[in-house]
Amino acid sequence: MKGVPLKVKVRLLKKIVILPLAAVLTALAAFFCWGLVEAAGLTVTRVDFPHPDVPAAFDGFTIAFLSDFHFGPFFSARRTERAVATANALHPDLILLGGDYVDVPPEEAKAFFRILGGLKAPFGTYGVLGNGDYRGAEEEIAQRLSANGVTVIEDRGLWIERPGSRIRLGGVREMGTWRYDLAPALAGTKASDFVILLVHQPDFAEKEKDGRLDLELAGHTHGGQVNLFGWSPSVPSSYGARFRGGVVKVRETTLVISRGLGTTILPLRVGSPPEIVLVTLRGGKT
Ligand SMILES: [Fe+2]
């Protein structure tokens, strides 16, 4: 650069360093701002689910599925209230919760559990815990859920009945604990029964296979939190983008994977907005 006039040097510096750096910083700032705005939103995703095992009496039966709240510094009581109000406004027959409730000690989340108690559905509200809930306070989380009207169905199953017919609802303990048991969820079921399983991690569908499982509802992957034209920096699944979100066929079972409501690591979402999934069963089996 010796002998180059100062004016030319400054112009070159601007062109090679300052302008590209400014462009990168502007893009990063836009990404973060967009991510914060998107993470604060809420969408409702409707899934129509026709299946030959759905009894005629359950044709049109609706299930609101809420998952991965991550209540804490980035998911407030106000946002919990909005999620509960939005779910209730859908007038679902049944509400299911997919785990990862709190990112703070349950003692600091009393408001969260109280607000969850406002969920209303004629066939009740049921939930399982997520991997994030298994950090030493799982019993307290389960207790607070129960105390607020959420029946925890880890390694449990029950029949949901309408006059003359019934469907099975089961849940399993978070697979990362290695202490789950699928048997109670399926107890007494036949291949012709319609069976719904509530799990936290979608990988469970590949891990435990049983032809009686018709519909599995999972969360955990947050839709990757960032989904840029199909690319995500990280999807916490052994099956990567396949289990990022949406409706995925896994042999005889269909997996509905929610992007969830909250966030983890960074309070951002880009191309992967928070969602409540509303599943409507369709069938006419008599
Ligand atoms: Fe989560």
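**Close-up views of a predicted model**

**Figure 1. The whole protein.** The protein has six helices and 12 strands. The model is predicted. Along the principal axes, its C-alpha atoms fill a box of roughly 95 × 40 × 35 Å. Of the 286 residues in the protein, 41% are buried. Take the contacts between residues at least 6 apart in sequence: 74% of them join residues at least 24 apart.

**Figure 2. Domain 1 and domain 2.** The domain assignment gives domain 1 as residues 1-39 and domain 2 as residues 43-282. Their C-alpha centres lie 44 Å apart. Seven residues of domain 1 are in contact with seven residues of domain 2. On the domain 1 side, the touching residues are five nonpolar, one polar and one charged.

**Figure 3. The open sheet of six strands.** The strand order is 1-12-2-3-4-5, with mixed pairing. Strand 1 (43-50) and strand 5 (150-152) are the edge strands. Each of these two pairs on one side only. On average, neighbouring strands of the sheet are turned by 25° against each other, direction ignored.

**Figure 4. Strand 3 beside strand 4.** In general, strands of a sheet pair through backbone hydrogen bonds, either parallel or antiparallel. Strand 3 (residues 94-97) and strand 4 (residues 125-127) run parallel. Three bridges join them. Leu97 has Gly127 in strand 4 as its bridge partner.

**Figure 5. Helix 4 on the sheet strands.** Helix 4 covers residues 138-147. Helix 4 lies across strand 4 and strand 5. Its direction is at about 140° to strand 5. Strand 5 is also an edge strand of the sheet.

Key: Residues are numbered from 1 along each chain as its sequence is written. This is a predicted model: local features need pLDDT of at least 70, side-chain atom pairs count only at pLDDT 80 or more; totals for chains, interfaces and linings use all residues. Helices (H or I, at least four residues) and strands (E, at least two) are DSSP runs, numbered from the N terminus. A residue is buried if 20 or more other C-beta atoms lie within 10 Å of its own, exposed if 12 or fewer, and partly exposed in between; C-beta atoms are placed from the backbone. Two residues are in contact if their C-beta atoms, placed from the backbone, lie within 7 Å. Domain bounds come from an automatic or database domain assignment. Ala, Val, Leu, Ile, Met, Phe, Trp, Tyr, Cys and Pro count as nonpolar, Asp, Glu, Lys and Arg as charged, and the others, Gly among them, as polar. Two strands pair if DSSP finds at least two bridges between them. Axes are lines fitted to C-alpha atoms, for helices over the stretch in contact, and angles run from 0 to 180 degrees between N-to-C directions.
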